Amino acid sequence: MNIGIGLPIGDPGLLTTWARQADAGPFSTLGLLDRVVYDNPEPLAALAVLAGATSRVRVQTEVLLAPTRDTVLLAKQAATIDRMTGGRLVLGLGVGTRADDYAAVGADMRTRGRRLDEQLAVMRRLWSGADHGDGIGPIGPRPARPGGPEVLLGGFRTAALERVARWADGYLAAAPVPMVGDLFDTVRKAWREHGRDGEPRLVAQVSVALGPRRVTDEARAALLDYYAFTGMADRMAAGLLTTPTTIRTAVTSLAGLGADEVVLYCYGTDPDQVGRLAEVL
């Protein structure tokens, strides 16, 4: 079982400290969320910096709102990070649910699912080294990983889960533990129905805060603010795991459901949490 760290967005200046501590510990991945209209660092730029500050851990978007991006530039950016890190990029992609993120970049939110399908087809082709088309040649660099960076897709609706089987290497479930089993099963079923070899890589995410009261209070406030638009902010904050026992129990439960990796997403900015979480594992 691999365990990753989801990085807090409250103070971007601390993220290199988080990354270096995680790289020196038992953690497999550094994850970073994406929003446009929010006070968060742009994830590809931030993860490129963090990749340069580390040597071992993977860097993962969790999840990048691909339909808000230009497809060709996104493919080029991802290939560049993957090549320069020796294949350490994991490209977690999704469509998001905030209209303001789409309005800010002039993108059509209503067609975001269809656009993501089109983007995935284009990016896979570009990463293979094929010409862009219409007299336009290939767009490099070639990624370090054959076929492009590992792609995980997030989402909860049937179309999103089926999209994993058509285009991705695996699925990222940012959902409460009781929901994860059914989501994993649906992804596995779609994977078989599309004739994919092997098994999808399954990644789960839980929100955690470990430390003194100020750390848990900060994390809870950050969760309430981030999820305010959903109308379920109190429910999301109630799911915050704040003790070694609850964190271990969640990891054990997710492992039993078949998760290949669990990302412990931190909303409090205190980097000493890295060491505390390492002791939990």
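Select Asp134 first: with a relative accessibility of 84% it counts as exposed (exposed means over 50% relative accessible area, buried under 20%, partly exposed in between, with a 1.4 Å probe and protein chains only). Asp134 sits in the loop between H5 and E5 (helices are DSSP runs of H or I with at least four residues, strands runs of E with at least two, numbered from the N terminus). Its phi is positive, about 55°, although Asp134 is not a glycine.

The model is a predicted one, in which local features need pLDDT of at least 70 and side-chain atom pairs count only at pLDDT 80 or more, while totals for chains, interfaces and linings use all residues. Residues are numbered from 1 along each chain as its sequence is written, and side-chain values use heavy atoms, with hydrogens and water left out.

Stay in the loop between H5 and E5 and select Pro141. The peptide bond that leads from Gly140 into Pro141 is cis, with omega near 5°. For another cis bond, go to Glu62 and Val63, where omega is about -10°. Val63 belongs to strand E3.

**Helix H5**

Select residues 112-127, which form helix H5. The end C-alpha atoms of H5 are 22 Å apart, which agrees with the 22 Å that its 16 residues should span at 1.5 Å a residue (the expected span is 1.5 Å times one less than the number of residues). Now show the side chains of Arg112, Leu116, Asp117, Gln119, Leu120, Met123, Leu126 and Trp127, which are buried. The buried residues of H5 pack against H3, strand E4 (89-94), helix H4 (99-105), strand E5 (150-154) and H6 (contact means heavy atoms within 4.5 Å). Glu118 also lies in helix H5, but is partly exposed, with a relative accessible area of 47%. Add Pro67: its C-alpha atom is 9.6 Å from that of Glu118, although the two residues are 51 apart along the chain. Just after H5, look at Gly129, where phi is positive at about 95°.

**Salt bridges**

The structure holds 19 salt bridges (a side-chain nitrogen of Lys or Arg within 4 Å of a carboxyl oxygen of Asp or Glu). Side chains of opposite charge can pair when their charged atoms come close. Start with Asp169 and Arg124, whose side chains meet in a salt bridge at 3.3 Å, N to O. Asp169 lies in the loop between helix H6 (158-167) and strand E6 (170-173) and Arg124 in helix H5, so the pair ties together parts that are 45 residues apart in sequence. Asp169 has 19% relative accessibility and counts as buried.

Next select Arg69 and Asp34, a salt bridge with its closest N and O atoms 3.3 Å apart. This pair links distant parts of the chain: Arg69 is in the loop between strand E3 (58-65) and helix H3 (71-84), and Asp34, 35 residues away, is in the loop between E2 and H2. Arg69 and Asp34 are both buried.

Then bring up Arg35, Arg98, Asp100 and Asp101, which are linked in a network of salt bridges. Within this network, the closest N and O atoms of Arg98 and Asp100 are 2.5 Å apart. Asp100 is partly exposed, at 26% relative accessibility.

**Helix H10**

Move to residues 244-256, helix H10. H10 has 13 residues and reaches 18 Å from its first C-alpha to its last, close to the 18 Å expected at 1.5 Å a residue. Which residues of H10 are buried? They are Ile247, Ala250, Val251 and Leu254. Looking down the axis of H10, these buried residues fall within an arc of 95°, so they line one face of the helix (the arc is that of the directions from the helix axis to the C-beta atoms). Turn to the other side of H10 to find Thr245, Thr252 and Gly256 exposed. Against the buried residues of H10 pack strand E1 (2-6), helix H7 (177-193), strand E7 (201-208), strand E8 (261-266) and helix H11 (273-280). Gly258, just after H10, has a positive phi of about 105°.

**Helix H1**

Finish with residues 15-24, helix H1, where Leu15, Trp18, Ala19, Ala22 and Asp23 are the buried residues. Down the axis of H1, its buried residues fall within an arc of 125°, so they too line one face of the helix. Their cover includes E1, E2, H2, E8 and H11.
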